[in-house]
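I opened this notebook to record what I looked up, entry by entry. I begin with the chain as a whole and then turn to single elements and residues.

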Amino acid sequence: MNEIEIKRAQQIKECRFYTIDDIPLLTRVFEQTYFAEGTEWDYFARSSLQLPDWFDTKLSPDSQVYAEQQLRLWRTISGREREYEPETDEKEVSLPDVDPVRFPGYYRYRGASAVDQASNHIIATGLILKHSKLKPGDWALEYGAGFGQIALAFTRLGVNVDTVDISSVFCEYVKANANFYETNLTPHKGKFGDMPRGPSHKYDMIYFFEAFHHSLNFHELIGRLKRALTPNGKILLCGEPIWRNPTAAIPYEWGLRLDAETVVVTRSRGWMELGHGAEYLCALFHKHGFKSSYYECPTTNLGHLYVFEHCAESDPNSKIIDLASYQFPPIEAETWHTIQPNGRWTKEYSIIPLEQPAEFSDAHIYVCNHLPVEKDLTIAHGGRSSTYNLSPGQSLRIHIERDIKASKIALLSSVHSPHELTNGTSSDKRLLGVFVQKILFTKEPS
């Protein structure tokens with residue numbers, strides 16, 4: 001670094017924050033030092049990116065507007081003025097002369113910390129095995145398997161494992177291990193959420209190790225994973241950047257991690273490097289019908305583990321209609337747009353038929369305005385009506401005291417076309433109202 005760069009580096013070290021304009025400097029130092037201690041990288045270690053002025057932290061993290069804002073942040077950090085493309089941007093780092101059987105993954109390293117790094121991975125592998133509760137003959141699915149060492153451990157114990165990876169190179173590494181050990185380990189090239197054996201095949205466990213945070217469409221992904229599980233199946237997340245307390249590196253419910261190490265990797269390689277707040281992520285899984293357990297590893301952050309299992313039978317004092325799967329009767333279905341992964345869009349006039357038992361005294365409608373314009377929504381039920389105004393990205397839980405004589409709830413909304421709102425850049429020409437995720441019917445416990 002020259003004198004001007006050193007002066008700026010010293011400022012960053014003191015305040016522990018840097019700006020978008022500093023990313024080229026950090027990236028160049030990263031490429032020269034690869035985070036080694038005792039080098040110029042020490043100036044930037046433990047520093048975080050200041051969010052640009054245009055980033056609005058008040059938007060609903062469940063809204064499309066917020067997701068688009070994170071994509072804009074990715075373009076800014078990565079220096080790529082185009083849409084994110086997993087097939088292009090999640091390419092593997094080139095590794096020459098790889099022996100995927102004798103020296104896979106961390107066994108290739110010969111640096112001073114090689115043994116310590118390997119110990120962290122081996123501890124995490126052991127915890128995944130322990131909390132899987134799998135037995136020989138069960139089926140597991142791993143996304144983003146890399147060299148597939150965890151999957152290989154399962155198959156050597158008699159578990160059937162499919163892996164899905166976007167990298168054909170890593171799929172070949174997994175195949176080489178499967179052939180050498182002659183186990184039921186099958187790699188598949190694909191994306192998160194792909195079901196390699198079709199929708200009818202169910203898994204006893206689906207797991208991610210240092211991979212889930214690369215999924216931009218994780219809201220949709222969770223629903224797809226749920227449908228691929230057996231009734232007693234579970235999802236494991238291990239080694240993921242899930243924060244139990246807010247930090248400068250992830251000052252929102254979910255989004256790109258802003259620590260210097262992660263930002264320079266995003267600029268250098270283009271990877272989608274997200275982080276999630278633990279409370280937010282667990283609540284999202286809960287919306288999809290999961291209960292969660294957290295197991296803290298005292299030895300290494302790679303061993304922190306989240307286990308998500310199907311909730312027990314629903315509370316007798318409540319009933320949920322999930323619009324991502326609920327089939328309306330034909331007449332009412334015509335008043336809605338088609339099913340989406342997380343719910344359903346209203347038209348200008350949409351009807352919810354009330355087929356629930358009369359003893360349910362209250363209804364709660366979960367709605368969100370995913371469009372970048374204000375929305376007016378009127379809900380009419382049993383001779384009464386209420387009107388709500390939703391700002392862009394806003395979510396609401398609307399409570400209705402049920403009139404047991406009324407046979408429907410009507411939703412009247414202003415409608416807009418994404419095609420028109422984006423000056424033709426979106427191909428979606430539907431007239432969309434608000435997005436409804438679910439309806440919760442409740443009653444007082446007896």
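**Entry 1. The whole chain**

I note at the outset that this is a predicted model. I looked up the secondary structure and found 12 helices and 22 strands. I then asked how the radius of gyration of the chain compares with that of a compact globule. For 446 residues such a globule would have a radius near 22 Å, and the chain has 24 Å, which agrees. Along the principal axes, the C-alpha atoms fill a box of roughly 75 × 60 × 40 Å.

I also looked up burial and surface. Buried residues account for 50% of the 446 residues. The accessible surface comes to about 22,000 Å², and carbon and sulfur atoms hold 50% of that area. For contacts between residues at least 6 apart in sequence, I recorded that 67% join residues at least 24 apart.

**Entry 2. The nonpolar cores**

I recalled a general tendency before looking: in soluble globular proteins, nonpolar side chains tend to be buried together. The largest nonpolar core here has 63 residues, and W41, F44, I206, F208 and L237 touch the most other members. Helix α3 gives this core its largest share, 7 residues. Apart from this core lies another, of 22 residues, with I365, L390, L411 and I439 among them.

I followed F44 further and asked which residues it contacts beyond its neighbours within four places in sequence. They are M1, A9, I12, L25, L26, V29 and A260. I marked A260 for the entry on α9, where A260 appears among the buried residues.

**Entry 3. Helix α1**

Helix α1 covers residues 3-15, which is 13 residues. From its first C-alpha to its last I noted a reach of 19 Å, close to the 18 Å expected at 1.5 Å a residue. What caps the N-terminal end of α1? I found N2 there, with a side-chain oxygen 3.1 Å from the backbone nitrogen of I4. After α1 comes R16, with a positive phi near 65 degrees.

**Entry 4. Helix α9**

Helix α9 runs over residues 260-269, and I listed A260, T262, V263, V264, V265 and T266 as buried in it. Which elements cover these buried residues? Among them are β1 (17-18), α2 (23-33) and α3 (64-78). Just after α9, G270 takes a positive phi of about 85 degrees.

I took up two residues of this helix. T262 lies in α9 and has a relative accessible area of 8%; the cut-off for buried is under 20%, so T262 counts as buried. Its side chain makes a polar contact of 2.8 Å with the side chain of D259. Not counting residues up to four places away in sequence, T262 touches R257 and E273. I also looked up R224, which is 38 residues from T262 in sequence and 28 Å from it in space, C-alpha to C-alpha.

V263, also in α9, is buried at 1% relative accessibility. With residues up to four places away set aside, V263 touches Y18, I23, I77, R257 and L258. T230 is 33 residues from V263 in sequence, and their C-alpha atoms are 38 Å apart.

**Entry 5. Loop residues**

I turned to the loops and asked whether H201 is buried or exposed. At 18% relative accessibility, H201 counts as buried. H201 lies in the loop between β5 (185-189) and β6 (203-209). Leaving aside neighbours within four places in sequence, I found H201 in contact with W139 and A228.

Next I looked up backbone angles, bearing in mind that most residues other than glycine have a negative phi. K133 has a positive phi, near 60 degrees. K133 sits in the loop between α5 (114-132) and β3 (139-143), and it is exposed, with a relative accessible area of 62%. E210 likewise has a positive phi, near 50 degrees. The loop that holds E210 lies between β6 and α8 (218-227). At 34% relative accessibility, E210 counts as partly exposed.

How values were computed. Residues are numbered from 1 along each chain as its sequence is written. This is a predicted model: local features need pLDDT of at least 70, side-chain atom pairs count only at pLDDT 80 or more; totals for chains, interfaces and linings use all residues. Side-chain values use heavy atoms; hydrogens and water are left out. Buried means under 20% relative accessible area, exposed over 50%, partly exposed in between (1.4 Å probe, protein chains only). Helices (H or I, at least four residues) and strands (E, at least two) are DSSP runs, numbered from the N terminus. Contact means heavy atoms within 4.5 Å. The expected span of a helix is 1.5 Å times one less than its number of residues. A polar contact is a pair of N or O atoms within 3.5 Å; within protein, one must be able to donate a hydrogen and the other to accept it, and residues adjacent in sequence count only if both atoms are side-chain atoms. The radius of gyration is taken over C-alpha atoms; the globule rule is 2.2 Å times the number of residues to the power 0.38. Accessible areas come from the Shrake-Rupley method with a 1.4 Å probe; for residues, only the protein chains shown count as cover. A nonpolar core is a set of buried Ala, Val, Leu, Ile, Met, Phe, Trp, Tyr and Cys residues joined through side-chain atoms within 4.5 Å.
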